[in-house]
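Hi everyone, thanks for making the time this morning. I have one small item for the group, so let me put it on the screen.

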Amino acid sequence: CHDNEAPFPEALAEFFVRSFCPPGGVVRDPFSGSGTTGAVARRHGRRFAGCDMRASQVALAGFASVPTP
């Protein structure tokens with residue numbers, strides 16, 4: 001999905017998002033990398049709070065300036 005050296009399968013993120021976070025809840029990802037988990041969370045009606053210490057990954061994810069509903 002994203003250009004990252006360690007891509008995270010969307011299907012795996014989807015399993016955890018849908019299993020452990022209620023609709024409208026907040027998914028937190030302290031190692032968000034390129035944002036796969038955030039994209040999956042939003043697709044399934046969850047809010048997302050993520051960060052990564054590498055600015056290149058934050059820019060790649062595109063979530064830095066996008067507010068969650």
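I'll go through the overall layout, then the core, then the charged pairs, and finish with a few single residues.

A word on the ground rules. This is a predicted model, where local features need pLDDT of at least 70, side-chain atom pairs count only at pLDDT 80 or more, and totals for chains, interfaces and linings use all residues. Residues are numbered from 1 along each chain as its sequence is written, and side-chain values use heavy atoms, with hydrogens and water left out.

So, the layout. The protein has 3 helices and 2 strands, and reading along the sequence you get α-β-α-β-α. Helices here are DSSP runs of H or I with at least four residues, strands are runs of E with at least two, and both are numbered from the N terminus.

Of the 69 residues, 30% are buried. Buried means under 20% relative accessible area, exposed means over 50%, and partly exposed is in between, with a 1.4 Å probe and protein chains only. The accessible surface comes to about 4,500 Å², and carbon and sulfur atoms hold 62% of that; the areas come from the Shrake-Rupley method with a 1.4 Å probe, and for residues only the protein chains shown count as cover.

For contacts, meaning heavy atoms within 4.5 Å, look at those with a separation of 6 or more: 43% of them join residues 24 or more positions apart.

Now, the core. Which residues make up the largest nonpolar core? There are 7: Ala13, Val17, Cys21, Val27, Val40, Ala41 and Phe48. A nonpolar core is a set of buried Ala, Val, Leu, Ile, Met, Phe, Trp, Tyr and Cys residues joined through side-chain atoms within 4.5 Å. H1 and H2 are the elements that give two or more residues to this core.

Let's stay with H2 for a moment. Its buried residues are Thr36, Thr37, Gly38, Val40 and Ala41, and they pack against H1, strand E1 (26-29) and E2. After H2 comes Gly45, with a positive phi near 75°.

Since Cys21 sits in that core, someone will want to know about disulfides. The structure holds 0 of them, a disulfide being a pair of cysteine sulfur atoms within 2.5 Å. Cys21 is buried at 8% relative accessible area, while Cys51 is partly exposed at 44%.

On to the charged pairs. I count 3 salt bridges, where a salt bridge is a side-chain nitrogen of Lys or Arg within 4 Å of a carboxyl oxygen of Asp or Glu.

Arg43 and Glu10 form one of them, at 3.0 Å from N to O. This pair links distant parts of the chain, with Arg43 in helix H2 (residues 36-43) and Glu10 in helix H1 (residues 10-20), 33 residues apart. Glu10 is partly exposed, at 26%.

Another joins Arg18 and Glu14, at 3.5 Å from N to O. Both residues lie in helix H1, 4 residues apart, about one turn of the helix. An α-helix has 3.6 residues a turn, so residues three or four places apart point the same way. Arg18 counts as exposed at 52%, and Glu14 as partly exposed at 27%.

Then there is Asp52 with Arg54, at 3.3 Å from N to O. Arg54 is partly exposed at 34%. Is Asp52 buried or exposed? Asp52 counts as buried, at 16% relative accessibility.

Asp52 deserves a few more words. You'll find this residue in the loop between strand E2 (47-50) and helix H3 (55-61). A polar atom of the Asp52 side chain lies 2.9 Å from the backbone nitrogen of Gly33, and the same side chain reaches the backbone nitrogen of Arg54 at 3.0 Å. Leaving out residues up to four places away in sequence, Asp52 touches Phe31, Ser32, Gly33, Gln57 and Val58.

For polar contacts I use pairs of N or O atoms within 3.5 Å; within protein, one must be able to donate a hydrogen and the other to accept it, and residues adjacent in sequence count only if both atoms are side-chain atoms.

One last residue before I stop: Arg28, in strand E1. Arg28 is exposed, with a relative accessible area of 72%. From Arg28 to Ala41 is 13 residues in sequence and 9.6 Å in space, C-alpha to C-alpha.

That's my tour, thanks for listening!
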